[in-house]
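Me: I have a model open and want to go through its loops, rings, charges and strands. Short answers, please, with the reasoning shown.

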Amino acid sequence: MPDHQIKTNCCIAGGGPAGLMLGLLLARAGVNVVVLEKHADFLRDFRGDTIHPSTMQVIDELGWLDEFLKLPHQPVRTLHAQFGTERLKLAEFSSLPMRAPFIAMMPQWDFLNFLTRKSEAYPNFKLLLNTEATELLARDGRTTGVRARGPDGGLTVIANLTIAADGRASTLRAAAGLPVEDFGAPLDVLWFRLSRHPGDTDETQARFDTGRIFIMLNRGDYWQCAYVIPKGANDRMRAAGLQAFQDSLKPRLPFDASRADEIVDWDQVKLLQVQVNRLNTWWKPGFLCIGDAAHAMSPVGGVGINLAIQDAVAAANQLAEPLRSGTLTDADLAAVQKRRMWPTRATQRLQLAIQNTIIAAALADTGSMRPPLVMRLIAGIPGLNRLPARIMGLGFRPEHVKT
């Protein structure tokens with residue numbers, strides 16, 4: 001049986017934050033868009049759930065912030081870190097000049113469902129779930145669409161522009177043959193949940209101890225916990241047994257240590273293998289990568305989702321009119337990369353500096369853990385903690401909706 005075929009102006013592979021935001025903005029600007037999402041829904045745990053002020057600024061510019069903030073979320077207005085026994089306030093978001101000067105901890109499925117509801121108000125937007133883009137179509141050196149697998153079998157999508165927003169393991173990026181520059185990372189992260197009880201603090205916390213880093217994110221009725229470990233240490237920790245893992249966790253909990261015993265099976269602990277990389281060239285004729293497909297970010301600062309959203313806004317601003325009018329050129333695709341390459345590089349350089357100094361030192365398991373000088377200055381000089389809040393909250397080049 002031949003593949004079912006559909007035609008559109010723009011085909012986006014990946015229904016994550018970048019793909020759905022771009023699809024929404026293009027549809028809103030009058031472009032016919034098809035978004036392909038390989039899963040049946042958005043219900044996957046331990047995804048990036050930090051919605052930063054830059055993303056809420058975009059939602060505010062679209063006129064939906066009040067509605068958005070009715071979704072379940074926990075606002076994070078300050079960030080503290082503990083180094084050994086010393087506790088520092090490193091970021092104060094309340095001074096940011098916007099209506100939502102805080103980080104919203106929100107399940108990513110709620111965020112993506114919100115974007116989907118808004119997108120489906122436009123008849124020129126189509127989201128196909130359970131549909132995975134598997135290969136690129138090309139003619140005369142130009143990408144002309146994708147071949148995909150859906151619930152009803154094969155599908156061919158013919159498109160003037162194909163966009164890979166399918167994550168750090170992007171199938172379409174590999175199919176396009178775009179080389180990836182890898183910068184390495186000295187860490188991996190183990191994600192798990194612990195219950196949250198009445199009387200627990202509300203604060204998102206980061207604790208740096210010799211040999212380990214432990215982070216707790218307030219998710220309302222539970223704590224989303226990140227246990228940062230040296231790169232490749234996951235197999236050794238699992239081989240040592242669950243009891244040893246619980247015992248290493250207990251001294252780091254700011255409440256009754258017995259809550260570590262809630263981890264009764266390794267299936268409750270998910271491994272994030274940290275990558276930091278980017279493409280030197282994000283595009284080829286008829287094809288563009290954005291978000292994690294263009295640049296995998298470290299979890300440092302939790303900025304990955306928000307950088308991907310900024311990519312989507314910049315891409316929509318640049319591409320909506322030429323897609324709508326049928327005048328898209330390679331120069332338009334190059335302009336998206338040019339606009340977003342500098343903030344990507346700047347963010348990754350900062351993440352790598354933090355990884356290779358502060359985090360690597362904490363994981364080295366040598367000597368006592370004291371705050372680095374730069375962090376003591378940030379916490380000690382009045383007003384200086386607004387700078388990391390601005391970098392985390394807004395990024396190096398915040399984008400604004402122009403479509």
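Me: Where does Asn-130 lie?
Reply: A caution before the answer: this is a predicted model. Strand β8 covers 125-128 and strand β9 covers 132-139. Asn-130 lies in the loop between β8 and β9.

Me: What is the phi of Asn-130?
Reply: Most residues other than glycine have a negative phi. Asn-130 is not a glycine, yet its phi is positive. The value is about 60 degrees.

Me: Is Asp-140 buried or exposed?
Reply: Asp-140 is in the loop between β9 and β10 (142-150). Its phi is positive too, near 55 degrees. The cut-off for exposed is over 50% relative accessible area. Asp-140 has 78% relative accessibility, so it counts as exposed.

Me: How are the rings of Phe-68 and Phe-111 arranged, stacked or edge-to-face?
Reply: A search of the whole structure finds 10 aromatic pairs. In this one, the ring centres are 5.9 Å apart and the planes stand at 80 degrees. Planes over 60 degrees apart count as edge-to-face. The pair is therefore edge-to-face.

Me: How many residues apart are Phe-68 and Phe-111?
Reply: Phe-68 is in helix α3 (residues 65-68), and Phe-111 is in helix α4 (residues 108-119). The pair links distant parts of the chain. Phe-68 is buried at 0% relative accessible area, and Phe-111 is buried at 0%. Along the chain they are 43 residues apart.

Me: How do the rings of Phe-83 and Phe-208 pair, stacked or edge-to-face?
Reply: Their centres lie 4.5 Å apart. Their planes are at 10 degrees, and planes under 30 degrees apart count as stacked. So the pair is stacked.

Me: Which strands does the pair Phe-83 and Phe-208 link?
Reply: Both residues are buried. They are 125 residues apart, so the pair links distant parts of the chain. Phe-83 is in β5 (residues 78-83) and Phe-208 is in β14 (residues 205-209). The strands are β5 and β14.

Me: Which residues form one aromatic cluster?
Reply: Rings pair if their centres lie within 6.5 Å. One cluster holds five named residues: Phe-192, Phe-214, Tyr-227, Phe-245 and Trp-266.

Me: Which ring does the charged end of Arg-259 sit over?
Reply: Another arginine, Arg-193, lies over the face of Tyr-222, at 3.9 Å from the ring centre. The charged end of Arg-259 is 3.7 Å from the centre of its ring. That ring belongs to Phe-255.

Me: Which residue meets Arg-259 in a salt bridge?
Reply: Side chains of opposite charge can pair when their charged atoms come close. For Arg-259, the N to O distance is 2.6 Å. The pair links distant parts of the chain, 59 residues apart. The partner is Asp-200.

Me: Is Arg-259 buried or exposed?
Reply: Arg-259 is in the loop between α7 (242-249) and β17 (270-272). Buried means under 20% relative accessible area. Its partner Asp-200 has 14% and counts as buried. Arg-259 has 7%, so it is buried.

Me: How many residues apart are Asp-292 and Arg-168?
Reply: Their side chains meet in a salt bridge at 3.8 Å, N to O. Asp-292 is partly exposed at 23% relative accessibility, and Arg-168 is partly exposed at 23%. The pair links distant parts of the chain, 124 residues apart.

Me: Which helix holds Arg-324 and Glu-321?
Reply: Their side chains meet in a salt bridge of 2.2 Å, N to O. They are three residues apart, about one turn of the helix. Arg-324 is partly exposed at 42%, and Glu-321 is partly exposed at 43%. The helix is α8 (residues 304-325).

Me: Which strands stand at the edges of the sheet β3-β7-β4?
Reply: Three strands form this open sheet, with antiparallel pairing. Two bridges join β3 to β7 (residues 103-105), and Ile-51 stands opposite Ala-104 in β7. Each edge strand has a single partner, so one side of each lacks a neighbour in the sheet. The edges are β3 (50-51) and β4 (74-76).

Notes
Residues are numbered from 1 along each chain as its sequence is written. This is a predicted model: local features need pLDDT of at least 70, side-chain atom pairs count only at pLDDT 80 or more; totals for chains, interfaces and linings use all residues. Side-chain values use heavy atoms; hydrogens and water are left out. Rings of Phe, Tyr and Trp (its six-membered ring) pair if their centres lie within 6.5 Å; planes under 30 degrees apart count as stacked, over 60 as edge-to-face and the rest as tilted. Helices (H or I, at least four residues) and strands (E, at least two) are DSSP runs, numbered from the N terminus. Buried means under 20% relative accessible area, exposed over 50%, partly exposed in between (1.4 Å probe, protein chains only). A charge sits over a ring if NZ of Lys or CZ of Arg is within 6 Å of the ring centre and within 35 degrees of the ring normal. A salt bridge is a side-chain nitrogen of Lys or Arg within 4 Å of a carboxyl oxygen of Asp or Glu. Two strands pair if DSSP finds at least two bridges between them.
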